[in-house]
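I set out to record what this model shows, entry by entry. I begin with the overall layout and then turn to individual helices, charge pairs and backbone details.

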Amino acid sequence: MSRRLTFFESVGDMSVFGVRALARAFIPPFEFAILLQEVEEIGARSLPLIGAAGVALGIVLTLHTRSALVSFGAEAWGPTLQAVSFFNELGPLVAALLVSGRVGAGIGAELANMRANEQIDAIEVLSIDSSKMLVSTRIVACIISLPLLTIFMDFASLLGGFISEYFASRISLQLYVNRAFVNLSWASFIAPTLKTCVFGFIIGTVSCYFGFTIDEGSAGVRRAATNSVVLSSLLVILSDVCLVKIIYFFFPGSAL
């Protein structure tokens, strides 16, 4: 019971920490230069990982589903299944978990190291809002980057699916694309993509919270990096369950 209370108290503290940091981002002066650097670090430098994972998952999903579809005479539905699966669920969730592993650990370790080396204290001595400079910019960068990375993963998975399908049936690219998007509505694309903004907020908030608040020297750096990945991944999965229910309530046509 006490552990559950501690967990929910920690989540509550992180939520307050994240909302306050996000609110500071809209108060002048704006840190556009730092924000762009963080978008490049979080978004652009994650593209190779997201792209490779998307292509590989697209190939694997096609290999797994094609034999079953062929046995029912429904192999023509392969591209449609691929597109609906990734645009609705797999793309947003897998992209968020990959970013959580790559970026969450980096943010937690970087801020914890700055705290251990008293760099954050030095920034505050100069009368600079260290939370706005270091935390707000990273949270906003995560919120901006996640939807863009999700779209990149969705299309990378379609590329992987096409490659696998081409070697199996010699399907043309035009026919594959037509079949992939024939039953894909805007509700199946926009709502699942926008929910990754919530994932970005979670990843940025949890990672910055541990990195900014843990002050335990080198041991704290390791703890901040580990906790950032574990807890942000867990909260992304739990929040996904709630968000999927909300999306299906407002957009029932997007259900698989």
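**Entry 1: Layout**

I read the secondary structure along the sequence and noted the pattern α-α-α-α-α-α-α-α-α-α. The count I obtained was 10 helices and zero strands. I note here that the model is predicted.

I then looked up the overall extent. Along the principal axes, the C-alpha atoms fill a box of roughly 70 × 40 × 35 Å. The protein has 256 residues, and 45% of them count as buried. I also looked up contacts between residues with a separation of 6 or more, and found that 85% of these join residues 24 or more positions apart.

**Entry 2: Helices α3 and α4**

I next examined how α3 (residues 47-71) packs against α4 (residues 78-116). The angle is about 145 degrees, and the axes lie 10 Å apart. I recorded the crossing as right-handed. On the α3 side, the contact is made by L49, I50, A53, L57, G58, L61, T62, T65 and L69. On the α4 side, I listed G78, L81, Q82, S85, F86, L90, V94, A95, L98, V99 and R102. Sorted by class, this contact has 13 nonpolar, six polar and one charged residues.

**Entry 3: The two sides of α2**

Which residues of α2 are buried? I found I34, L35, E38 and I42. Viewed down the axis of α2, the buried residues fall within an arc of 100 degrees, so they line one face of the helix. I looked up what covers these residues, and the cover includes α4 and α6. The face turned away from the buried side carries the exposed residues F32, A33, L36 and Q37.

**Entry 4: E38**

I singled out E38, which lies in helix α2 (residues 32-42). Its relative accessibility is 10%, so E38 counts as buried, the cut-off being under 20%. Leaving aside neighbours within four places in sequence, I found E38 in contact with G43, T137, R138 and A141. I also looked up the separation of E38 from P147, which is 109 residues away along the chain; their C-alpha atoms are 15 Å apart.

**Entry 5: Salt bridges**

Side chains of opposite charge can pair when their charged atoms come close. How many salt bridges are there? I counted nine, and looked into several of them.

The contact of E38 with R138 led me to a network of salt bridges that links E38, E110 and R138. Within this network, E110 and R138 form a salt bridge with their closest N and O atoms 3.2 Å apart. E110 lies in helix α4 and R138 in helix α6, so this pair ties together parts 28 residues apart in sequence. I checked accessibility for both: R138 is buried at 3%, whereas E110 is partly exposed at 39%.

For the salt bridge of E165 with R66, I noted a separation of 3.0 Å between the closest N and O atoms. E165 belongs to helix α6 and R66 to helix α3, so the pair ties together parts 99 residues apart in sequence. E165 is buried, with a relative accessible area of 5%, while R66 is partly exposed at 22%.

I then turned to R24 and D129, which form a salt bridge with their closest N and O atoms 3.7 Å apart. R24 is in helix α1 (residues 2-24) and D129 is in the loop between α5 (119-125) and α6 (130-169), with their positions 105 residues apart in the chain. I recorded R24 as partly exposed at 29%, and D129 as partly exposed at 37%.

**Entry 6: Backbone exceptions**

Most residues other than glycine have a negative phi, and most peptide bonds are trans. I therefore searched for departures from these.

Where is P29 found? I placed P29 in the loop between α1 and α2. The peptide bond from P28 to P29 is cis, with omega near -5 degrees.

E118 has a positive phi of about 65 degrees although it is not a glycine. I located E118 in the loop between α4 and α5, and noted that E118 is exposed at 53% relative accessible area.

R170 also has a positive phi, near 60 degrees. I found R170 in the loop between α6 and α7 (173-181), where R170 is exposed, with a relative accessible area of 56%.

Technical notes:
Residues numbered from 1 in each chain as written. Predicted model: local features only at pLDDT ≥ 70, side-chain atom pairs only at ≥ 80, totals over all residues. Heavy atoms only, no water. Axes fitted to C-alpha atoms, helices over the stretch in contact; angles between N-to-C directions. Helix = DSSP H or I, 4+ residues; strand = E, 2+ residues; numbered from the N terminus. Left-handed = near helix turned anticlockwise from the far one by under 90°. Contact = heavy atoms within 4.5 Å. Nonpolar A, V, L, I, M, F, W, Y, C, P; charged D, E, K, R; others polar. Buried < 20%, exposed > 50% of the residue type's maximum accessible area, 1.4 Å probe, protein only. Salt bridge = Lys/Arg side-chain N within 4 Å of Asp/Glu carboxyl O. Arc of directions from axis to C-beta.
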